[in-house]
Amino acid sequence: MDQQKQPAQKREIPFAPSVYEHAARVIKKSPWEVSRSCDLLAQGHIEAYRLYRHSPVVVGIDIYNLEAEAYGAPVDKPAGNGIPAISRHPCSSMKDLLDLEPFDPQTDGRIPMVIEASKRIASKCPDTDVKIPLSGPFSLAANLIGFESLLCEVYTEPGLVGRALKHLVAGQVEFCREVVRNDLDIAFFESAATPPLMSPDNFRDIELEALEKIMTETSAVVGHPVPCIMGGDTLPILDYILQTGTGYVCCPAKTDQPRFMEAMKAHPEVMVRINMDPGGLSSKNFDVAQKEVDRVLALAENRPNVCIGTGCLPFEADPDVVLKAREYILTRSTQ
């Protein structure tokens with residue numbers, strides 16, 4: 001007698017919201033207060049993890065400002081619950097970057113504080129991965145000289161830009177070494193380099209060599225391929241991102257997500273975080289979030305290595321709505 005074929009069981013798809021400034025909302029503090037206090041930074045991310053059970057926990061509020069501030073860029077206090085931003089760029093051109101000495105991750109800026117907060121979070125939340133954000137060379141350069149100046153030099157001095165980006169790699173790798181010396185891990189962020197901010201050809205000719213170098217060297221330091229998180233319209237540069245050897249990519253809400261996921265079928269070993277549009281999680285109407293969850297779950301169907309993310313979870317997002325979205329994802333993905 002032929003055995004009846006049993007239906008395949010669905011597996012739980014993890015919910016991995018990107019909690020940065022939202023950690024301040026969870027403990028009813030402003031992003032500025034939390035960004036400047038080791039105690040509050042640890043408390044905010046610990047409480048957010050206890051709420052959402054997300055992995056990884058990427059420790060920070062204004063995550064792209066850390067290294068630029070360590071190089072001397074001032075970060076000003078915003079009004080209300082605004083996100084801290086760099087108010088003045090310490091360098092005037094890419095040529096200046098070639099003369100920069102790497103900052104000291106043991107002493108400069110808020111980096112020692114973020115490392116200490118991360119160690120506390122890892123101790124209190126042993127069931128999740130705790131990672132410290134590391135800026136890519138293009139994103140760091142944008143904060144050091146200003147985005148408009150950087151884009152101008154991309155078109156007028158592409159060779160110089162490429163050399164300066166590679167020059168920044170050594171300091172970032174040393175930052176990575178300090179993270180590992182403290183028994184922590186990193187996540188790599190390079191959203192400033194994505195289309196339409198850069199053309200795919202400029203990405204290949206100017207950014208890719210530095211990106212491959214930093215990904216190779218940091219992966220060697222941590223002992224595994226590191227995540228390469230890039231927002232924006234990344235589909236046109238997806239092949240270049242994968243060329244770095246990363247084991248974790250983001251499918252941003254602002255790219256052609258169906259085509260992105262179709263392309264990723266050739267790379268089943270790579271973890272893909274499919275980002276929801278985070279706007280629905282700021283709505284008081286859960287129906288809006290539910291429709292967005294349904295949309296991304298359909299994209300995740302049959303993918304072996306996949307999780308559902310949010311992009312940057314807004315400070316204003318209602319924790320109750322986020323929790324409902326988490327439970328709905330769990331229910332739908334295990335039915």
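1. Contact here means heavy atoms within 4.5 Å. The model is predicted, and the points below cover its cavities and two residues, serine 35 and threonine 244.

2. Serine 35 belongs to helix α2, which spans residues 31-35. Once residues up to four places away in sequence are set aside, serine 35 touches Ile61, Asp62, Pro84, Arg110 and Met113.

3. Is serine 35 buried or exposed? Its relative accessible area is 3%, and buried means under 20%, so serine 35 is buried.

4. Serine 35 also takes part in a cavity wall. The second largest cavity is lined by Ser35, Leu41, Gly60, Ile61, Asp62, Ile63, Leu66, Arg110, Met113 and Val114. Among the residues that serine 35 touches are Ile61, Asp62, Arg110 and Met113, and these four names appear in that lining too. The volume of this cavity is about 50 Å³. By class, its lining has six nonpolar, two polar and two charged residues.

5. How many cavities of 30 Å³ or more does the structure hold? There are two. The largest cavity contains about 130 Å³ of space.

6. The lining of the largest cavity is made up of 16 residues. Ser18, Tyr20, Pro56, Val58 and Arg273 are the ones nearest its centre. Two elements, β1 (15-18) and β6 (185-189), each give two or more residues to this lining. With three residues, β1 supplies the largest share. The classes are 11 nonpolar, three polar and two charged residues.

7. Threonine 244 sits in a loop, with α11 (238-243) on one side and β8 (248-251) on the other. Although it is a loop residue, threonine 244 counts as buried because its relative accessibility is 9%, the cut-off for buried being under 20%.

8. What does threonine 244 contact beyond its neighbours within four places in sequence? The residues are Leu211, Glu212 and Met215. Glutamate 209 is 35 residues from threonine 244 in sequence, and their C-alpha atoms are 9.2 Å apart in space.

9. The side chain of threonine 244 also has a polar partner in the backbone. A polar atom of that side chain lies 2.6 Å from the backbone oxygen of isoleucine 241.

10. To recap the two residues: serine 35, in helix α2, is buried at 3% and helps line the second largest cavity. Threonine 244, in the loop between α11 and β8, is buried at 9%.

Note on methods: Residues numbered from 1 in each chain as written. Predicted model: local features only at pLDDT ≥ 70, side-chain atom pairs only at ≥ 80, totals over all residues. Heavy atoms only, no water. Helix = DSSP H or I, 4+ residues; strand = E, 2+ residues; numbered from the N terminus. Buried < 20%, exposed > 50% of the residue type's maximum accessible area, 1.4 Å probe, protein only. Polar contact = N/O pair within 3.5 Å; in protein donor to acceptor, adjacent residues only side chain to side chain. 1 Å grid on protein atoms, 1.4 Å probe; cavity = no way out; pocket = protein on both sides within 12 Å on 5 of 7 lines; lining within 4 Å. Points joined across faces, edges and corners; volume = space filled by probe spheres on them. Nonpolar A, V, L, I, M, F, W, Y, C, P; charged D, E, K, R; others polar.
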